[in-house]
Amino acid sequence: MIKSAVTIALVPQIKSGPWIFWEDLEQSMEKAAAMGFDGIELFTPSADAIDPNQLKELVQKYKLQIAAVGTGAGKVIHGLTLSDPDPKIREKAISFISEMISFGAKFGAPAIIGSMQGNVQPNANREEALTWLAEGLEILGQKAKEASTFLIYEPLNQYETNLINTLGGGRDFIENHRLDNVKLLADLFHMNIEEGSIDQVIREYGAYIGHIHFADSNRKPIGMGHTDMPPIAKAILEINYSGFVSAEAFPFPNSEIAAESTIQAFRKYFR
Ligand code: LER
Ligand code: MN
């Protein structure tokens, strides 16, 4: 069964990002649980920012799953990416994400590689950058496997990365580099910019999709933009997707209304 989730970001540097909740962890969890979400997607500054025992208590108290953990803080705070020409930076990026994988795995949650993939730098070679990214995903996919979870790779729109922008590009990358235990994130906001037909692409690459970011064309909650959601929801159901549909959207007009609109849209399309 498809599960609902809502993002909670606890990284001060990215407060203005597309996160439904971004203040207090427990308060946000309490609200998410009261609205009926199945899980939360967490963005933390590092793997040790939250005491796992405390999080275990909260997860039990509010009966919420951890849908996934974001790793973007590694880039935003420390400037680390998996495609940096400097091997020391790539090494640090891998160890930052490894720790996030171990943290998430305590809760059965996979880690997401989004902005941590980086970019081909102005004077670097594209093939080389893609090889570095593949090397990182290979190591991290295995790390996730050892922790009994999987790794999520997210194609981003062209204004955020010049590496891979489409689900098809992500599928080719996984196959060409024989990446094991790596699944794709279908972020409906990025797909709205990059794909021809979102529903067709979801049907075509359904077997590779391990996580979905739920946001409208303008990155506001579903229903507040012009994305034609019914055919997309139909495609998600048709591929027998059983992961999380997680609201990574702006808290517009505020966190509560954004979360409430999201869970209503989720019920309308998936229940
Ligand atoms: C960034 O645009 C995004 O979609 C995030 O999920 C990546 O960390
Ligand atoms: Mn996303």
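Q: Taking a polar contact as a pair of N or O atoms within 3.5 Å, what is the distance from an N or O atom in the side chain of Arg-219 to an oxygen atom of ligand 1?
A: In this predicted model, where local features need pLDDT of at least 70, side-chain atom pairs pLDDT 80 or more, and totals use all residues, side-chain values use heavy atoms without hydrogens or water. Residues are numbered from 1 along each chain, with chains lettered from A and ligands numbered from 1 as written. For Arg-219 the distance is 2.8 Å.

Q: And which glutamates have side chains that do this?
A: Glu-160 has a side-chain N or O atom 2.5 Å from an oxygen atom of ligand 1, and for a polar side-chain atom of Glu-154 the distance is 2.6 Å. The protein covers 92% of the 260 Å² of accessible area (Shrake-Rupley, 1.4 Å probe) that ligand 1 has on its own.

Q: OK, the metal: which residues are donors to the manganese ion?
A: Glu-154 (OE), Asp-187 (OD), His-213 (ND1) and Glu-248 (OE) are its protein donors (N, O or S within 2.8 Å), at 2.1 to 2.2 Å from ligand 2, and their sequence spacing is E-x32-D-x25-H-x34-E.

Q: Why octahedral?
A: Because the 6 donor atoms around the manganese ion subtend angles of 69 to 172 degrees, and six donors count as octahedral if opposite ones are over 155 degrees apart and all others between 65 and 115.

Note on methods: A polar contact is a pair of N or O atoms within 3.5 Å; within protein, one must be able to donate a hydrogen and the other to accept it, and residues adjacent in sequence count only if both atoms are side-chain atoms. Donors are N, O and S atoms within 2.8 Å of the metal (3.2 Å for Na, K and Ca); water is not among the atoms, so sites may look incomplete. Four donors count as tetrahedral if all angles lie between 85 and 135 degrees; four count as square planar and six as octahedral if opposite donors are over 155 degrees apart and all others between 65 and 115; anything else is irregular.
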